[in-house]
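Here is the note you asked for on the model. Please have the sequence and the coordinates open while reading.

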Amino acid sequence: SLIPGQCTELTRTQLKSLGEWEMNNDTSDAIKLLKLIKSLSHQTNDQKYYPLSLYMAKRSVYTLRQGLYTTNTQIFEKLKARVEIVEEIGGTIGDDTMIVENEFKTYLTEEGIAD
């Protein structure tokens, strides 16, 4: 049980409160356990900070950069993981109406259709 041994006591307590902990702890399903830990780390139960959580998750998607030695596969996996986090907390990517409207207005202006 390597993974639980690396968790803090608080994380282990939170995992136990999920109900699925006992089943995964007994079967040593590392993938399932890691998914539970991931869901814990991205929970936004405190609605007071939900907008900030969503903003930070989206920001991590929009500011992702590919390093010189990062392969396309690696950057794709990082991007996919960050998008999953946004979706897990109830957000969407590419559905920001203000950005879309602004880009559409810029396009129309450049084409001479709007002023």
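The points below run from the overall fold and its confidence to individual residues.

1. Status of the model. The structure is a predicted model, not an experimental one. The protein chain averages a pLDDT of 77, and 77% of the residues score at least 70. Confidence varies by element: the lowest mean pLDDT, 54, belongs to helix α3 (residues 21-27), while α6 has the highest, 89. Please read any statement about α3 with that value of 54 in mind.

2. Overall fold. The protein chain contains seven helices and zero strands. Along the sequence the order is therefore simply α-α-α-α-α-α-α, with a helix defined as a DSSP run of at least four residues. Among contacts with a separation of 6 or more, 51% join residues 24 or more positions apart.

3. Burial and surface. What share of the 115 residues counts as buried? The figure is 21% for the protein chain. The exposed area comes to about 8800 Å², of which carbon and sulfur atoms supply 56%.

4. The largest nonpolar core. Seven residues form this core: Y50, L54, A57, V61, I85, V86 and I89. Two elements, α5 and α6, each give two or more residues to this core. The largest share, four residues, is from α5. Apart from this core there is another, of five residues, which include L15, L33, L36 and L40. As general background, nonpolar side chains in soluble globular proteins tend to be buried together.

5. K58, a lysine worth checking. K58 sits in helix α5. Is K58 buried or exposed? K58 counts as buried because its relative accessibility is 14%, and the cut-off for buried is under 20%. Leaving out residues up to four places away in sequence, K58 touches V86, T92, I93 and D96. One of these, V86, is also a member of the largest nonpolar core.

6. C7 and its surroundings. C7 is placed in the loop between α1 (2-6) and α2 (9-17). With a relative accessibility of 13%, C7 also falls in the buried class. Beyond its neighbours within four places in sequence, C7 is in contact with R12, L15 and I37. Of these partners, I37 is 30 residues from C7 along the chain, and the two C-alpha atoms are separated by 9.1 Å. L15, another partner of C7, belongs to the five-residue core mentioned in point 4.

7. The salt bridge. How many salt bridges does the model contain? The count comes to one. It pairs E77 with K80, and the closest N and O atoms are 3.8 Å apart; the cut-off for a salt bridge is within 4 Å. Both residues belong to helix α6 (residues 72-88), and because they are three residues apart there, about one helical turn separates E77 from K80. In general, side chains of opposite charge can pair when their charged atoms come close. Neither partner is in the buried class: E77 is partly exposed at 41% relative accessibility, and K80 is partly exposed at 36%.

8. A nonpolar patch on the surface. Y49, L52, Y55 and M56 make a nonpolar surface patch of about 440 Å². Of the patch residues, Y49 lies in the loop between α4 (30-41) and α5 (50-62). Y49 counts as partly exposed because its relative accessibility is 44%. The neighbouring position in sequence, Y50, is instead listed in the largest nonpolar core.

Key: Residues numbered from 1 in each chain as written. Predicted model: local features only at pLDDT ≥ 70, side-chain atom pairs only at ≥ 80, totals over all residues. Heavy atoms only, no water. Buried < 20%, exposed > 50% of the residue type's maximum accessible area, 1.4 Å probe, protein only. Contact = heavy atoms within 4.5 Å. Areas by Shrake-Rupley, 256 points an atom, 1.4 Å probe, with all protein chains shown as cover. Patch = residues over 30% accessible without salt bridge, like charges linked within 9 Å, V, L, I, M, F, W, Y side chains within 5 Å. Salt bridge = Lys/Arg side-chain N within 4 Å of Asp/Glu carboxyl O. pLDDT = per-residue confidence, 0-100. Core = buried A, V, L, I, M, F, W, Y, C linked by side-chain atoms within 4.5 Å.
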